[in-house]
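Thanks for making the time this morning. I would like to walk you through one structure, and I will put it on the screen now so that you can follow along.

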There are 4 protein chains.
Amino acid sequence: MNGNGILRAGRLELRVFDLEKSVDYYKNVIGLDVTAQDENRVYFKAWDEFDHHSLILQKSDSAGMDHMAFKVADHAALELLEYKIEQFGCKLSRISNRTRIAEGEAIRFQIPTGHYVELYTDIEHLGIATGSVNPDPWPDGLRGIAPHRLDHALLVGDDVKTTTRFFTEILGFKQSEKILSVDGEQMIGSFLTTTNKAHDIAFIKGPDAKLHHVGFYVDNWYEVLKAADILSKNKVEVEITPTRHGITRGQTVYFFDPSGNRNEAFASGYMTYADFPTITWTEDQIGAGIFYHRRELVESFNLALT
Amino acid sequence: MNGNGILRAGRLELRVFDLEKSVDYYKNVIGLDVTAQDENRVYFKAWDEFDHHSLILQKSDSAGMDHMAFKVADHAALELLEYKIEQFGCKLSRISNRTRIAEGEAIRFQIPTGHYVELYTDIEHLGIATGSVNPDPWPDGLRGIAPHRLDHALLVGDDVKTTTRFFTEILGFKQSEKILSVDGEQMIGSFLTTTNKAHDIAFIKGPDAKLHHVGFYVDNWYEVLKAADILSKNKVEVEITPTRHGITRGQTVYFFDPSGNRNEAFASGYMTYADFPTITWTEDQIGAGIFYHRRELVESFNLALT
Amino acid sequence: MNGNGILRAGRLELRVFDLEKSVDYYKNVIGLDVTAQDENRVYFKAWDEFDHHSLILQKSDSAGMDHMAFKVADHAALELLEYKIEQFGCKLSRISNRTRIAEGEAIRFQIPTGHYVELYTDIEHLGIATGSVNPDPWPDGLRGIAPHRLDHALLVGDDVKTTTRFFTEILGFKQSEKILSVDGEQMIGSFLTTTNKAHDIAFIKGPDAKLHHVGFYVDNWYEVLKAADILSKNKVEVEITPTRHGITRGQTVYFFDPSGNRNEAFASGYMTYADFPTITWTEDQIGAGIFYHRRELVESFNLALT
Amino acid sequence: MNGNGILRAGRLELRVFDLEKSVDYYKNVIGLDVTAQDENRVYFKAWDEFDHHSLILQKSDSAGMDHMAFKVADHAALELLEYKIEQFGCKLSRISNRTRIAEGEAIRFQIPTGHYVELYTDIEHLGIATGSVNPDPWPDGLRGIAPHRLDHALLVGDDVKTTTRFFTEILGFKQSEKILSVDGEQMIGSFLTTTNKAHDIAFIKGPDAKLHHVGFYVDNWYEVLKAADILSKNKVEVEITPTRHGITRGQTVYFFDPSGNRNEAFASGYMTYADFPTITWTEDQIGAGIFYHRRELVESFNLALT
């Protein structure tokens, strides 16, 4: 939780083409649990998440991210944030209670990169699969990749600098890492955290309002291998086979959902704190920053956006 | 960082008998770097810590913990905490600037279990071994167990309940887990966090003012194996060979420094958040809570305190 | 395969008290597949074994090992071995075709430590769970610990030296490691291999005809953790929580089946070759040899034999 | 050891352009020890190998493999093999005693793919870094990737079928896996073992007498990550970042030495036995066979041969 009371990346809503196929994928390959559904939406949670859902699939004729939402500690914090966001100049609206299953009221606003972000505090609590009394470390009956939780998203947009300022000054995030042009003038990438994790949301320069990927957390490098094995068994396209990021130090595998939304199974990034300096990557080293082993970018990684 | 601005367990001062032998152990077996020393004290940091030191050894004729200190975000937060701590009734004193090498002023107070705790905000910044510009994920030349950081301490004392109230209500910590007597009347253990880590400090019922162990963070289960191998090579007594905790889910190995202070190499505990319910362990399951594989306590684990 | 055509530790027959309870354990906790059964015996194979079975449970009023059997390449090799074994002075008998389900004829003989050993070549072939055409690296639907295979057994008996001579000179095994009394006069332990594995059978000095443990192979240190977690979930008594052996360098966890037969999940021993020198452990270092991290023996480990 | 007494892939001689640069690479990045050198050659062993050397670098104006050599159990086996090889029709010569430092006589012959192969039995014995009396599981002071041993080579040539027949019928190897054209008519790949390892030598269809890669053994998937990290730190070109093979199930990273000879750090292939059926891959699945996660080949992987 940062000083403004933002707890974490709580949920993310994706647009998908074929709801049935997508549900099968997120349920059986990713291994999330379906917790609710209505006509156009299916709600999921990971086994290690307490809240009612962290991922919503919305049937649509385009792929991409509808919005990403951060959970706030309480209503007081939410109101203060609402005020600050409006002061910053974001257009803001209220999502009324129960618009989404099992959720209370939320505020929704557009950030400088054109993405919609929401803040909320009320959501039903289902508990984790192992329970909260004398729990085992992991439950029986896990399916697929079985991540612990929604971890982060990487979004694409033009004005990374202003967006970073919005997240740090208005929302209270900390910038853990940044990518600068070699002359130091331009901010090309920005990694932001509201926790002790290496990132909760990140931005990379490119066309506005695009999703680069949604990351799910797995525990370690062997779980990344297991994830990649499961993807291959299920003939899911793996874009980037297991490797390490320079940025965050995390271990990773990238792949696509049936609508072309990029997913990541991410493990083991470092812990960071509000007083740590922001790590700087210079654009000439961006290859090593993104793919530490390859040390150069992959064309599809820049182009496949939803 | 919790809502009161406490960033993390920043440093811990241990009393040791033989300074030379202890420095050799913390430097070459644990693998910390010596950053400063004066007549009676040696200062250490781990390779992945930014601040000047996280462990201080103090030459003494008894073993144990002199104090544990938490770093606070800024002076305003420190002053507010000082006020609240005095209101709670703790006797509080000021440690003046540069009493410790590379540190500013601190406040020192005694918690209900009799331990001394400090809060501080000013400390020199040395940076991590990989630097902050285009960093590699780990540096060359690591020695010994080479933990990332000081992680947490487990302290022993009688009034676990009041101490928990002090940490949650006054300092703003969250209780991640607790151990209750089977009738639910007594709190026997309490795990407290000021971050998203499963614990930053913990208490277990027993004689006041005692140290159970100091935990250092290693990245994963293979690093726990490496730690245990290194301990065996160095003929360091391993009390508890690699296993998993039910509490925190962490992976662990326990051993003793040359003065009998218990150390832990700890990996992979879960992430927690302020809105997560406190996990409850009942005393009849304390064996599985502490040593998940063995499911029973080990006598030395209760008795060897410093 | 050694020069005498002995391929591997092919199967082992255990005596158990309660067949139903034991089948449940070996099927669901260990994770073997039942491949056949008759009135008094149940046959199992691991998912990664080609032959019809590697473990047989025999209902009995005592626990322990009925016999251990090695698969031989062909009938010619089997006949030559039969001749050499009789020359050595072992009492030998023939087990006729189909005495055991899915098996041809075998020869059975008693080794100097009083254990029964068999050699056989004909056994039905079921194939591994992933198939032999374009196989995935692991199958779906694994249960429990899910070892790759039966790996080895450690047997107890008095005359370790003569038994070693029998295995090396008559059967063509190589001694990979040995434990000697400090004066070098007595052989207390002997580790023997007919493959490139660190051991296929081993002997430790003690009462004749006893079983110390049966080892099943798991792939790595994380699989040892998973095994220990599964044992705890199933409330199976874990005698030795995860650690490393000095001997074989393997990683291990020890536990008991419902009849008190000790099992091991074993990972990652080294590869050895016929021209490698035998590694010597001196009895004063036997603690580190058996439990590398603890560096001392555990009383139950010497006493619990079946 | 197979039935003909061939113990293992004992050594391999590579041609390199710049001896100094290459020695630096194999010593500090791969982490082998230099054991001898003369004017044009440098000899290396891995820390876990007993014999005097397993890799020889030869200064040359072309890259590639001079020869690969298998160690044979004794002179009798060597003579019998010599006879059989000549009967097969290979041109054979004798390398006289001490032509290579610390080695006795060898026989050298050309296999149908045009590569030179040698067999030898006499070589000086240096022992492993941990010694053979009460050894630790690993030595202090490891450098770089620090593989356990030379593991295997993949060679390129036209007549994979006849070469396979030579290795199985004349040398006594077992074919663990093969790649066939979809119509089953052509053998495109062949994986051969003289041990219980998944492969000791392998062939893939292509221009004669070429080297595809030399594989060094590391213990597990985390060691593959460490290898890739070390390569990136040293700015060594990583061709294929960490992934799994379908064939052998092994975990791998591919990269190039300073002369363009491809190296592999390989972990965790399965164990195989003489009675296991040969696994078949069909050419349409060769992508998954080679790179299980990507499921398709990479152009450089076919083209970069030395």
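The lining of the second largest pocket divides into 13 charged residues, nine nonpolar ones and six polar ones. Before I go further, please keep in mind that this is a predicted model. The lining of this second largest pocket is made up of 28 residues, and those that lie nearest its centre are A:Arg294 and A:Val298 together with D:Glu239, D:Arg294 and D:Val298. Three elements give two or more residues to this lining, namely strand 14 (238–244) and helix 6 (299–303) of chain A, and strand 14 (238–244) of chain D. The largest share, four residues, is the contribution of strand 14 of chain D. As for how much space the second largest pocket holds, the value is about 610 Å³. For anyone wondering how such a number is reached, rolling a probe the size of a water molecule over the atoms shows where empty space is left.

Let me turn to how the chains are arranged. Chain B can be laid on chain C by a turn of 180 degrees, with a shift of 0.0 Å along the axis and an RMSD of 0.0 Å. That is the relation of a two-fold axis. In chain B, the C-alpha nearest this axis belongs to B:Pro242, at 2.9 Å from it. Of the interface residues of chain B, 100% are also interface residues in chain C, so the copies meet through the same surface.

Chain B and chain A can be treated in a similar way. A rotation of 180 degrees, with 0.0 Å of shift along its axis, superposes chain B on chain A with an RMSD of 0.0 Å. Here too, 100% of the interface residues of chain B are also interface residues in chain A, so these copies meet through the same surface.

One residue that shows contact between chains is C:Ser232, which sits in helix 4 (residues 221–233) of chain C. Which residues does C:Ser232 touch, if we do not count those up to four places away in sequence? They are B:Tyr292, B:His293 and B:Arg295. C:Ser232 is buried, with a relative accessible area of 0%.

Now for some details within chain A, beginning with helix 1. The buried residues of helix 1 (residues 19–29) of chain A are A:Leu19, A:Ser22, A:Val23, A:Tyr25, A:Tyr26 and A:Val29. The N-terminal end of this helix is capped by A:Asp18, which has a side-chain oxygen 3.1 Å from the backbone nitrogen of A:Glu20. Just after helix 1 of chain A comes A:Gly31, with a positive phi of about 95 degrees.

Also in chain A, the loop between strand 13 (210–217) and helix 4 (221–233) holds A:Val218. Is A:Val218 buried or exposed? A:Val218 is buried, its relative accessible area being 1%. Setting aside residues up to four places away in sequence, A:Val218 touches several others, among them A:Ile145, A:Pro147, A:His148 and A:Phe266.

In chain B, I would point you to B:Ser259, found in the loop between strand 15 (251–256) and strand 16 (262–267). B:Ser259 counts as buried at 9% relative accessibility, and, leaving aside its neighbours within four places in sequence, it is in contact with B:Arg15, B:Val16, B:Phe17, B:Ser22 and B:Ala63. With one of these partners there is a polar contact, in which a polar atom of the B:Ser259 side chain lies 3.0 Å from the backbone nitrogen of B:Phe17. The C-alpha atoms of B:Ser259 and B:Met271 are separated by 33 Å, although these two residues are 12 residues apart along the chain.

Finally, a word on backbone angles. Most residues other than glycine have a negative phi, and most peptide bonds are trans. B:Ala102, which is not a glycine, nevertheless has a positive phi of about 70 degrees. B:Ala102 lies in the loop between strand 6 (92–95) and strand 7 (106–110) of chain B, and B:Ala102 is buried, with a relative accessible area of 4%. In chain D, the phi of D:Ala146 is near 50 degrees, again a positive value in a residue other than glycine. D:Ala146 is found in the loop between strand 8 (116–120) and strand 9 (149–157) of chain D, where D:Ala146 counts as buried at 8% relative accessibility.

Conventions. Residues numbered from 1 in each chain as written. Chains lettered and ligands numbered in written order. Predicted model: local features only at pLDDT ≥ 70, side-chain atom pairs only at ≥ 80, totals over all residues. Heavy atoms only, no water. Buried < 20%, exposed > 50% of the residue type's maximum accessible area, 1.4 Å probe, protein only. Polar contact = N/O pair within 3.5 Å; in protein donor to acceptor, adjacent residues only side chain to side chain. Least-squares fit on C-alpha atoms with pLDDT ≥ 70 in both. Contact = heavy atoms within 4.5 Å. 1 Å grid on protein atoms, 1.4 Å probe; cavity = no way out; pocket = protein on both sides within 12 Å on 5 of 7 lines; lining within 4 Å. Points joined across faces, edges and corners; volume = space filled by probe spheres on them. Nonpolar A, V, L, I, M, F, W, Y, C, P; charged D, E, K, R; others polar.
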